[in-house]
Amino acid sequence: MNTVAQTTAFFYTLTDAFCFVIIAILLYTALIDVDRNRNRWHQINVMVMLMVFCLIEIVWILVFEDVILSRTIFARTLTNVLLYCSINACSFSMFLLLNSSLEKISKKSITSYKLPFAVFWFIMIVILSTPWTKLVFSISHDGVLHWGPMYVPFMIIIIGDLILSAVRSLFIAFHPENEAYKSMCILVALYAVPVFLGGYIHVAHYEVPSVAIGLTISILLFYVMQMREQVSIDDLTGINNRKQGERFFLRHIKALNVQQSDNEKGLYLFMADMNKFKSINDTYGHTEGDNALVFAAEALKDACALYADKCMLCRFGGDEFVIGGFFDYDDEADVFAHIMESAVTRRGKEHNLPYTLSISVGFARYQREYKTLKNFLSVADTRMYTLNDGSA
């Protein structure tokens with residue numbers, strides 16, 4: 001055994017062990033979390049598959065470089081079969097996670113998973129039969145690894161699902177009607193990039209543990225975004241929470257307070273309350289009340305998508321929504337207020353709800369004499385009740 005083989009095996013083992021520990025920590029946090037939605041289960045599945053892959057890859061490199069473990073034809077064949085089966089499993093579990101995340105964001109389901117599942121099992125059969133068919137790889141009598149005619153197509157097909165998911169994410173992101181969640185769809189597409197690069201590097205340089213690195217980076221990106229959602233996203237409606245809304249207004253109020261002159265575009269705060277929300281809860285139950293809030297949030301999100309470069313939407317608490325944006329004149333802001341009211345009413349009719357889904361909206365343009373967000377909110381709230389005779 002030479003020094004180069006020892007160094008390669010050490011580098012591979014250290015990298016995989018490092019990835020294993022990172023994912024194990026993330027898996028522990030995911031398992032103790034009480035939120036066990038479909039997306040979370042897909043994330044747990046990816047973590048488990050990746051940890052299994054790291055362990056298999058460690059064994060594989062020890063056999064490949066004849067370190068500790070015996071470098072027999074049987075050992076090399078078995079570890080290669082297990083390695084590529086685990087790569088296939090990791091890639092497919094990542095594909096499911098990407099699409100689950102995309103469905104959660106866009107609320108649009110994939111018509112069928114039959115073809116991806118069929119491709120997954122086809123690849124598994126090809127790998128398991130490789131010791132006899134030599135399609136993916138073969139081991140010569142002197143123990144040397146040779147790639148088979150299906151090796152490159154095999155890797156392309158595995159990564160192909162992720163590429164299709166990324167393309168689908170971008171297609172949804174840049175569709176005009178999906179402007180409200182464009183940035184999040186783009187992020188889902190970016191999650192596939194580290195895995196794609198890891199697979200590409202593995203094809204060209206299999207002595208680099210790039211697959212484990214790529215998958216680990218993608219999972220870390222998911223974890224960071226998950227933490228961001230817990231901090232800034234309202235659990236029920238999926239829109240910004242109060243803290244995120246306050247950050248938006250405080251940042252812009254601070255900037256406006258120190259400006260020497262007023263901008264042509266003004267900072268507007270829209271206060272939107274559900275009409276007769278207590279009656280919905282009392283008559284139909286709190287579950288239906290939650291549904292009403294979700295429907296209203298979806299409608300407001302669609303309305304804000306028309307002014308995506310100007311608007312920030314958040315749930316401020318209870319049945320109260322706050323929207324911030326920049327407009328030239330009060331008339332333009334008034335048109336936007338009516339658009340939001342119409343969007344919510346229309347959404348209620350589309351779902352044939354047994355009650356009238358509607359909101360009341362009041363707005364105010366920021367003036368320096370307001371000084372604080374509390375005063376700004378108070379003005380908008382007062383105008384909402386004045387304009388709507390307290391019907392909210």
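## Starting at Asn281

Asn281 sits in helix H9. This is a predicted model, so read what follows as a description of that prediction. With a relative accessible area of 13%, Asn281 falls under the 20% cut-off and therefore counts as buried. Setting aside neighbours within four places in sequence, Asn281 makes contact with His286 and Gly289.

## The rest of H9

H9 covers residues 277-284, and its buried residues are Phe277, Ile280 and Asn281. Those three span an arc of only 95° around the axis, which puts them on the same side of H9. Flip to the face turned away from that buried side and you find Lys278, Asp282 and Thr283, which are exposed.

So what covers the buried residues of H9? The cover includes strand S3 (266-274) and helix H10 (286-305). Right after H9 comes Gly285, and its phi is positive, near 100°.

## H8, another two-sided helix

Helix H8 runs over residues 242-258, 17 residues in total. From first C-alpha to last it reaches 24 Å, close to the 24 Å expected at 1.5 Å a residue. At its start, a side-chain oxygen of Asn241 comes to within 3.3 Å of the backbone nitrogen of Lys243.

Which residues of H8 are buried? They are Gly245, Phe248, Phe249, Ile253 and Leu256. Their arc around the axis is only 115°, so they lie on the same side of H8. The other side of H8 has Arg251, Lys254 and Val258 as exposed residues.

## Two nonpolar cores

In soluble globular proteins, nonpolar side chains tend to be buried together. Here, the largest nonpolar core has 65 residues, and the members that touch the most others are Phe53, Tyr84, Met94, Leu98, Phe154 and Ile219. The elements giving two or more residues to this core are helices H1 (3-32), H2 (38-64), H3 (73-106), H4 (114-133), H5 (151-173), H6 (182-204) and H7 (210-232), plus strand S1 (137-139). H3 supplies the largest share, with 14 residues.

Take Phe154 as a way in: leaving out neighbours within four places in sequence, Phe154 is in contact with Tyr84, Ile123, Ile127 and Val136. There is also a second, separate core of 34 residues, and among them are Phe270, Ala272, Met340 and Phe363.

## Cysteines

How many disulfides does the count give? Zero, going by sulfur pairs within 2.5 Å. Cys90 is in no disulfide, and the nearest cysteine sulfur, that of Cys54, is 7.7 Å away. Cys90 is buried, because its relative accessible area of 2% is under the 20% limit.

Cys304 is in no disulfide either: its nearest cysteine sulfur belongs to Cys311 and is 4.6 Å away. Cys304 also counts as buried, at 8% relative accessibility.

## The whole chain

Stepping back, the protein chain has 12 helices and six strands. Of its 392 residues, 51% count as buried. As for how the contacts are spread along the sequence, take those with a separation of 6 or more: residues 24 or more positions apart account for 70% of them.

Methods:
Residues are numbered from 1 along each chain as its sequence is written. This is a predicted model: local features need pLDDT of at least 70, side-chain atom pairs count only at pLDDT 80 or more; totals for chains, interfaces and linings use all residues. Side-chain values use heavy atoms; hydrogens and water are left out. Buried means under 20% relative accessible area, exposed over 50%, partly exposed in between (1.4 Å probe, protein chains only). Helices (H or I, at least four residues) and strands (E, at least two) are DSSP runs, numbered from the N terminus. The arc is that of the directions from the helix axis to the C-beta atoms. Contact means heavy atoms within 4.5 Å. A nonpolar core is a set of buried Ala, Val, Leu, Ile, Met, Phe, Trp, Tyr and Cys residues joined through side-chain atoms within 4.5 Å. The expected span of a helix is 1.5 Å times one less than its number of residues. A polar contact is a pair of N or O atoms within 3.5 Å; within protein, one must be able to donate a hydrogen and the other to accept it, and residues adjacent in sequence count only if both atoms are side-chain atoms.
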